[in-house]
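Thanks for sharing this one with me. Below are my comments as numbered points, to be read alongside the sequence and the coordinates.

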Amino acid sequence: MHYQSFVRNYFRNSFMLMLLLANIGVFAQNNTSPQLPTTDPTQPKIDPSQVTNQQAVDFYNQAKSAGMSDMDIERAALQRGYTLDQISAMRKRLQQKPDERKVDDPNRDELDETRDQDDADELDDEANNERDSTSLRRARNRRLTRTFGYSFFSRSRSTFEPNLRIATPRNYILGPEDEIVVDIYGNAVDNFRMKISPEGTVKMLNLAPVYVNGLTIEQASERIVQRLRQAYSTLNRPGSGTYSSITLGNVRSIHVMITGEAARPGTYTVSSLATAFNALSISGGPSLNGSYRNIEVIRNNKVIRKIDLYRFLVDADLHDNIALQDQDIILIRPFETRIELNGQLKRPGIFEAKQGESLASIIRYAGGFTPEAYTKSFTYQRNTGTNYMIGSIDSVQIETFTPKNGDIFNIKRILDIVSNQVEVRGAVTLPGPYALEERCNSVLKLIQAAQGLSPRAFLNRAILERSSGDTQTGIVAIDLRKLVNGEIADIPLLAGDILTIKSVEDLKEFTFLTISGSVINPGNYYYYKDITIADLIFQAGGYTEGGIPYRIEVSRRVKNDTLDLPSSQNVRIFSIDVADNLVLNPDDQKFKLQPQDIIVVRKSPRYEAQKAVTIMGEVRYPGNYTIINNFERISDLFGKVGGLRPEAYLPGARFYRGQELIAVDIQAIINKPSLPSNLLLMHGDTLIIPRRLETVRIQGGVHNPSVMNFDSKFSYEDYISQAGGYTEQGWKKRVYVSYPNGRTHRTKNFLFFRSFPKVEPGAVVTVPVKVTQPDRQRTPGERIALFSFIASIVSTVTLAAITLSR
């Protein structure tokens, strides 16, 4: 409305201008109490962005209490040198609400908790875990405490505030504290902002007061113009050139009491533009026992309107959303009748019914039936005062049936059975369900509707399944060939009949052929009459590389031709030759395959994929080399690589097979190829010839495990000495030396003589560590046995000594 765009913006400007004139900087930084505004031009100019909205409100209130008007604040700000851009920036910031303190409201907390639980109930309904009967019962009991319409008030943050950005309502009644804005323009210019006094009057210039209390804005405008003509005689007269615009500025606040079954009853201060729905939203709406259909607006001890919220929730009817006046009372009566609608409804739940209202109206509030609802009849449960009674209603009674408080109605889903359906299955062009009608009410007509029989249909017999009216299903056998040829009469169909027509393939065991060996796609293939080996190889993609067309083996089960077979033989084996390149050959057609035959295509005996070995390291031509025949050995590799480099160290050569180190002495193999360690080469073997190694590693039970240089003058004891000698746990008898080629030699012991292995370049000397056994305390029984044993020995020795002395 006009007063909103003018007065609110003017009010926001006043906030900003007053803040700029006050000592805002100190307040913003120190958070101290605001000082009264001052117009001292020596004060520093404060950045409006540093001021919070709450500080703006506090300073504005103090400025007003100090006697400064909005115009005074604006003029002072302009004198201070603030620009219009700064004023506009503050205006945008002050569009936001000032910082508000959150007031704890136990009623609102309880309401929010209840409605959060309602959301959880909705999730329980979607889950519908029927196995958990306890959860279902609890969820249903919680649902009984909520009524259709509760979600409209279910969020504490949702508001239904009056819109202050609309034109002045024509039916708005003026009262004390309302502000009227008068603008005079044209040949004369003036502006008045007048607040209605408690006596109901406004005063302009030096003219007599004008009484406007209880008038609409249009009626008040006429009186004000009449009074202003005492100063502007031609005001608003045609052709005078002087005109006026009278609008509503700031509106007053009124007090409304909400009582009865409200979620938060009490007295509320609202805008004078507030309506009944605004006040209901502030109070949280009806409580658990409150009515949504019987809400009274009381003014001067008279009921001026009865509100039915369902008219608004279902039909968006705002007829009951009347404007409120000061001291109005909204009384929410307790509900009288609530019923529960379950099942196939668009919005199942708890609904409130008015006295005499039919069930059809309540179903309309529930959104009506779903497409799958069974509406011909449904049941209800009613509390008779002593027990529960089950009743039923048909579709005709819905319009006149009057529900009672506590009734529970259940609308079920329609049956999955189609009442006029017949079906054809199997060897027809278009199998599936069809409607039982004049053009499809017999077997022949049904086949024609399915676009006829397929070429492979089995005509000797068809089956018609028909319900006999009880739990069993009957079968009618049909000679399909005679029926199609007109030799027998057509058979009428009944609802639910199922006609099954088999194909020839359906009535025989489907057999396979198996092919393996040197073909591209080995596996199982369907058997066809008169299929040959060449046909099967063609289906399998042809030969793989190395496959040969001769010596193809066929394994066949023995059936009846067992005359020339021994009793222990159950298969026949055939060796067949097939024409090369699968060309058509009359000889191939002579041998016909039979079901379950197994065909094996052999590979050429001399066909073999290339095998290679790898030799790396200090040789003249390292790389991969092909194994020419199956008799090549390790020693044969050195002739292929062009010999060794001068820095090659043969004692350290390593031979790997399948990533596993094979301990062989390569130097001994070269010197004597007849050694057993000169192994036959296999695909993937790797030989590595390293450079001369110049280090020795000492590890295990020595004081200083380390790596040291190899010295030909050093003995085994010298290397141990260099490592700090043995530790107390070092096991001298079990010392072993590992050589680079993978071989290992250990210490040899004979009586009191000990022979240590030779240390060579790259060797690893390992001194095992003894495992210390923890001391175990003897049991009392073991100690007694030990003392008894010692005592017996002592006594025996003593007796022997006495005997010898005699």
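1. In which helix does Ile790 lie? The residue belongs to helix 18, which covers residues 780-805. Please keep in mind throughout that we are looking at a predicted model. Ile790 is a member of a nonpolar surface patch, together with Leu786, Phe787, Phe789, Ile793, Val794 and Val797. Taken together, the patch residues have about 660 Å² of accessible area. Ile790 itself counts as partly exposed because its relative accessibility is 41%, a value between the 20% and 50% cut-offs.

2. A second surface patch deserves a look, this time one of positive charge. Lys732, Lys733, Arg734, Arg746, Arg754 and Lys770 gather there. For orientation, Arg734 sits in the loop that runs between helix 17 (716-722) and strand 33 (736-738). With a relative accessibility of 40%, Arg734 is partly exposed.

3. Strand 33 also holds Ser738, a partly exposed residue with a relative accessible area of 22%. If we set aside its neighbours within four places in sequence, Ser738 touches Arg743, Thr744, Gly762, Ala763 and Val764. Its C-alpha atom is 6.6 Å from that of Val765, although 27 residues separate Ser738 and Val765 along the chain.

4. Now to the whole protein. I find 18 helices and 37 strands in the secondary structure. Of the 806 residues, 37% are buried. The accessible surface comes to about 48100 Å², and carbon and sulfur atoms account for 51% of that surface. Among contacts between residues at least 6 apart in sequence, 61% join residues at least 24 apart.

5. One example of residues distant in sequence involves Ile408, in strand 15 (residues 408-411). The C-alpha atoms of Ile408 and Asn342 are 7.6 Å apart, with these positions 66 residues apart along the chain. Is Ile408 buried or exposed? With a relative accessible area of 12%, Ile408 is buried, since the cut-off for that label is under 20%.

6. On to charge pairing. Side chains of opposite charge can pair when their charged atoms come close. The structure holds 22 salt bridges. One of them joins Arg305 and Asp320, whose closest N and O atoms are 3.7 Å apart. Arg305 is in strand 9 (residues 302-307) and Asp320 in the loop between helix 10 (309-315) and strand 10 (328-334), so this pair ties together parts that are 15 residues apart in sequence. The two partners have their own surroundings: Arg305 is partly exposed at 23% relative accessible area, whereas Asp320 is buried at 2%.

7. Another salt bridge links the side chains of Arg602 and Glu553, with an N to O distance of 3.2 Å. Arg602 lies in the loop between strand 25 (598-601) and strand 26 (612-617), while Glu553 lies in strand 23 (residues 552-557), so the pair ties together parts 49 residues apart in sequence. Arg602 is partly exposed, at 34% relative accessible area, and Glu553 is partly exposed too, at 28%.

8. Arg439 and Glu437 also form a salt bridge, their closest N and O atoms being 2.8 Å apart. Here Arg439 is exposed, with a relative accessible area of 67%, and Glu437 is partly exposed at 34% relative accessibility. Elsewhere, salt bridges link Arg293, Asp308, Lys354 and Glu357 into a network.

9. Finally, two backbone details to check on your screen. Glu177 is not a glycine, yet its phi is positive, at about 80°. The residue lies in the loop between helix 7 (133-143) and strand 1 (179-186), and its 42% relative accessibility makes Glu177 partly exposed. Gln451, likewise not a glycine, has a positive phi of about 65°. Gln451 is placed in the loop between helix 12 (443-449) and strand 18 (462-467), and with a relative accessible area of 52% Gln451 is exposed.

Conventions. Residues numbered from 1 in each chain as written. Predicted model: local features only at pLDDT ≥ 70, side-chain atom pairs only at ≥ 80, totals over all residues. Heavy atoms only, no water. Patch = residues over 30% accessible without salt bridge, like charges linked within 9 Å, V, L, I, M, F, W, Y side chains within 5 Å. Areas by Shrake-Rupley, 256 points an atom, 1.4 Å probe, with all protein chains shown as cover. Salt bridge = Lys/Arg side-chain N within 4 Å of Asp/Glu carboxyl O. Lys, Arg positive; Asp, Glu negative; His and termini not counted. Charge placed at Lys NZ, Arg CZ, Asp CG, Glu CD. Helix = DSSP H or I, 4+ residues; strand = E, 2+ residues; numbered from the N terminus. Buried < 20%, exposed > 50% of the residue type's maximum accessible area, 1.4 Å probe, protein only. Contact = heavy atoms within 4.5 Å.
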